[in-house]
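User: I'm new to this one and would like to go through it step by step. Could you take my questions as they come?

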Amino acid sequence: ILDFTTNTISLGTLSLTQVVSTTVSTTISTDSLTGYSLSFDEDGNLRDGANDINDVLDGSVTAGSEEYGIRTVGGGGVLVVDTALAYGLEVASSLGPENDEETGIKFSAGLAGSSRAGSYSHVITATLTANP
């Protein structure tokens, strides 16, 4: 069982002077003796038409830099630094049964002086599987 606190994530108004973040909570329960893996896929960069926000490359979304990434907080989270979303990105996992294990997924973005104003979005798909 996978439960998200929301199915829409809003970072609000992005800024040149600060990193804007929001955290979504997941709760996972499984009776699988081998545990689980939660992974994310995206349909492309965070974008508005032809304009997009670059994926974070250095492990930290930084104010004044055009960057977007996620990290996890607590629970079975495996992303200890800001990480670019990519196909099949493992976000959380366990090696055995879990009962209401909570993991926060923190989404962060920053802008640079060259960034274009707009309403940026993309679609993220979560996949929860029992470990083999």
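Analyst: Sure, here are some questions and answers about this predicted model.

User: Let's start with charges. How many salt bridges does the structure hold?

Analyst: Side chains of opposite charge can pair when their charged atoms come close. One such pair here is Asp-43 with Arg-47, and another is Asp-82 with Arg-71. The number of salt bridges in the structure is two.

User: In the salt bridge of Asp-43 and Arg-47, what is the N to O distance?

Analyst: Asp-43 is partly exposed, at 40% relative accessibility. Arg-47 is partly exposed too, with a relative accessible area of 28%. Their side chains meet in a salt bridge, and the N to O distance is 3.0 Å.

User: Now the pair of Asp-82 and Arg-71. How many residues apart in sequence are the parts it ties together?

Analyst: The closest N and O atoms of Asp-82 and Arg-71 are 2.9 Å apart, in a salt bridge. Asp-82 sits in the loop between strand S6 (67-73) and strand S7 (89-93), while Arg-71 belongs to strand S6, so the pair links parts whose separation in sequence is 11 residues.

User: Is Asp-82 buried or exposed?

Analyst: The cut-off to keep in mind is that buried means under 20% relative accessible area. Its partner Arg-71 comes out at 24% and is partly exposed. Asp-82 has a relative accessible area of 8%, so Asp-82 is buried.

User: Moving on to Asp-41: which backbone nitrogen lies 2.4 Å from a polar atom of its side chain?

Analyst: Asp-41 is found in strand S3 (residues 36-42), and at 18% relative accessible area it is buried. Leaving aside neighbours within four places in sequence, its contacts include Ala-86, Tyr-87, Gly-88 and Val-123. The backbone nitrogen lying 2.4 Å from a polar atom of the Asp-41 side chain is that of Gly-88.

User: And how far apart in space are Asp-41 and Gly-59, C-alpha to C-alpha?

Analyst: In sequence, Asp-41 and Gly-59 are 18 residues apart. In space, their C-alpha to C-alpha distance is 19 Å.

User: What about strand S2? Which residue in S8 stands opposite Thr-26?

Analyst: S2 covers residues 20-30 and is mostly covered, with eight of its 11 residues buried. It runs antiparallel to strand S8 (residues 98-110), and 10 bridges join the two. Opposite Thr-26, in S8, stands Thr-103.

User: Which residues does Asn-51 touch, not counting those up to four places away in sequence?

Analyst: Asn-51 has its place in strand S5 (residues 51-52). It is partly exposed, with a relative accessible area of 28%. From Thr-26 it is 25 residues away in sequence and 30 Å away in space, C-alpha to C-alpha. With those sequence neighbours set aside, Asn-51 touches Leu-46, Arg-116 and Tyr-120.

User: One last residue, Ser-15. Which residue has its backbone nitrogen 3.0 Å from a polar atom of the Ser-15 side chain?

Analyst: Ser-15 lies in the loop between strand S1 (2-4) and S2, and it is buried at 16% relative accessible area. Leaving aside neighbours within four places in sequence, Ser-15 is in contact with Val-20, Gly-110 and Leu-111. The backbone nitrogen 3.0 Å from a polar atom of its side chain belongs to Thr-17.

Note on methods. Residues numbered from 1 in each chain as written. Predicted model: local features only at pLDDT ≥ 70, side-chain atom pairs only at ≥ 80, totals over all residues. Heavy atoms only, no water. Helix = DSSP H or I, 4+ residues; strand = E, 2+ residues; numbered from the N terminus. Buried < 20%, exposed > 50% of the residue type's maximum accessible area, 1.4 Å probe, protein only. Contact = heavy atoms within 4.5 Å. Salt bridge = Lys/Arg side-chain N within 4 Å of Asp/Glu carboxyl O. Polar contact = N/O pair within 3.5 Å; in protein donor to acceptor, adjacent residues only side chain to side chain. Pairing = 2+ DSSP bridges.
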